[in-house]
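Please follow this structure in two steps, beginning with charged side chains and their exposure to solvent, and then turning to the strands and the way they are connected.

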Amino acid sequence: MIFADGIEDYARDHSLEEDSLFRRLVDVTREKTEHPEMQTGHLEATLLRMLVQITGAKRVLEIGTFTGYSALAMAMGLPDDGELITLDKDPEVTSIAQRCWKHSPHGEKIKLILGEALDSLETVKGYFDFAFIDADKENYIAYWDFIVPRVRKGGLIAVDNTLWHGAVLDPKEPLDILVDEFNEHARGDERVEVLMLTIRDGLTLARRIM
Ligand SMILES: C[S@@+](CC[C@H](N)C(=O)[O-])C[C@H]1O[C@@H](n2cnc3c(N)ncnc32)[C@H](O)[C@@H]1O
């Protein structure tokens with residue numbers, strides 16, 4: 001969080017409440033995983049869900065499932081015949097996701113593909129209306145280059161952690177540099193309009209225009 005302490009709590013307190021299933025998922029993730037901070041929080045996941053709804057998306061692609069918070073939030077924004085394909089290589093954390101999704105009627109819209117995301121992407125067919133990139137930063141540019149042509153014109157791509165705890169202002173460590181390079185790559189892509197939001201750790205939105 002790169003804003004004043006307490007601001008995110010204030011925003012949460014003045015937003016719609018987190019559903020009990022998501023609260024349970026947060027607790028289980030804290031209890032059972034080593035890096036619960038990887039979970040997309042309530043505010044960002046709600047934004048993603050609303051964006052899926054507003055854009056009328058029917059097909060969503062996610063890279064980085066973890067314990068399934070953002071996947072379920074986005075699935076809630078899909079119509080009954082919508083589909084969300086989510087990719088992750090970790091069978092342990094995603095088993096938590098799968099158990100959670102069973103408790104929601106929206107879970108049926110979600111299809112998990114386990115494996116290295118770059119390999120899984122080769123097996124994914126068709127176009128998407130919405131995509132969310134939230135996995136290893138080393139491959140952000142490769143994910144982007146795969147996804148942009150696979151998102152329909154007018155569709156949206158959301159990319160997480162693009163402010164990288166503020167380190168992009170003075171990138172020194174290898175990951176800081178990679179995230180900064182990704183941001184330059186996205187901004188220079190003429191196929192999209194890019195808007196970087198300062199929510200949480202930075203969320204870049206890109207609308208495909210050509
Ligand atoms: C930040 S977490 C995703 C958080 C998730 N969106 C949520 O709301 O809880 C990143 C996930 O990407 C997965 N991941 C990292 N590198 C990957 C790779 N090369 N291929 C597939 N999954 C990968 C990790 O296993 C981890 O679960």
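In this predicted model, Glu-17 has a relative accessibility of 68% and therefore counts as exposed, since the cut-off for that class lies over 50%. Its salt-bridge partner is Arg-23, with 3.8 Å between the closest N and O atoms, a separation that still qualifies because the criterion is within 4 Å. Arg-23 itself reaches 40% relative accessibility and so counts as partly exposed. Side chains of opposite charge can pair when their charged atoms come close, and the structure holds eleven salt bridges, of which the pair of Glu-17 and Arg-23 is one.

Another of these bridges joins Lys-172 to Asp-170, whose closest N and O atoms are 2.6 Å apart. Here Lys-172 is exposed, with a relative accessible area of 60%, whereas Asp-170, at 46% relative accessibility, counts as partly exposed.

A further salt bridge is formed by Arg-207 with Glu-193, the closest N and O atoms lying 3.2 Å from each other. This pair links distant parts of the chain, for Arg-207 belongs to strand E7 (residues 203-208) and Glu-193 to strand E6 (residues 192-197), with 14 residues separating the two. Arg-207 is partly exposed, its relative accessible area being 37%, and Glu-193, at 41% relative accessibility, likewise counts as partly exposed.

The strands offer a second route through the model. Is strand E2 (residues 83-88) largely enclosed by the rest of the structure or left open, and why? Five of its six residues are buried, so strand E2 is largely enclosed by the rest of the structure.

Strand E2 pairs with strand E1 (residues 59-63), to which it runs parallel and is joined by five bridges; within this pairing, Glu-62 has Thr-86 of E2 as its bridge partner. The connection between these two strands involves helix H4 (residues 69-76), and E1, H4 and E2 together make a right-handed β-α-β unit.

Strand E2 also pairs with strand E3 (residues 110-114), again in parallel and again through five bridges, and in this case Asp-88 stands opposite Leu-114 of E3. Helix H5 (residues 91-101) takes part in the corresponding connection, as E2, H5 and E3 make a right-handed β-α-β unit. Strand E2 thus belongs to both units, the one with E1 and H4 and the one with H5 and E3, and five of its six residues are buried.

Definitions and conventions. Residues numbered from 1 in each chain as written. Predicted model: local features only at pLDDT ≥ 70, side-chain atom pairs only at ≥ 80, totals over all residues. Heavy atoms only, no water. Salt bridge = Lys/Arg side-chain N within 4 Å of Asp/Glu carboxyl O. Buried < 20%, exposed > 50% of the residue type's maximum accessible area, 1.4 Å probe, protein only. Helix = DSSP H or I, 4+ residues; strand = E, 2+ residues; numbered from the N terminus. Pairing = 2+ DSSP bridges. Right-handed = clockwise from strand over helix to strand, strands pointing away.
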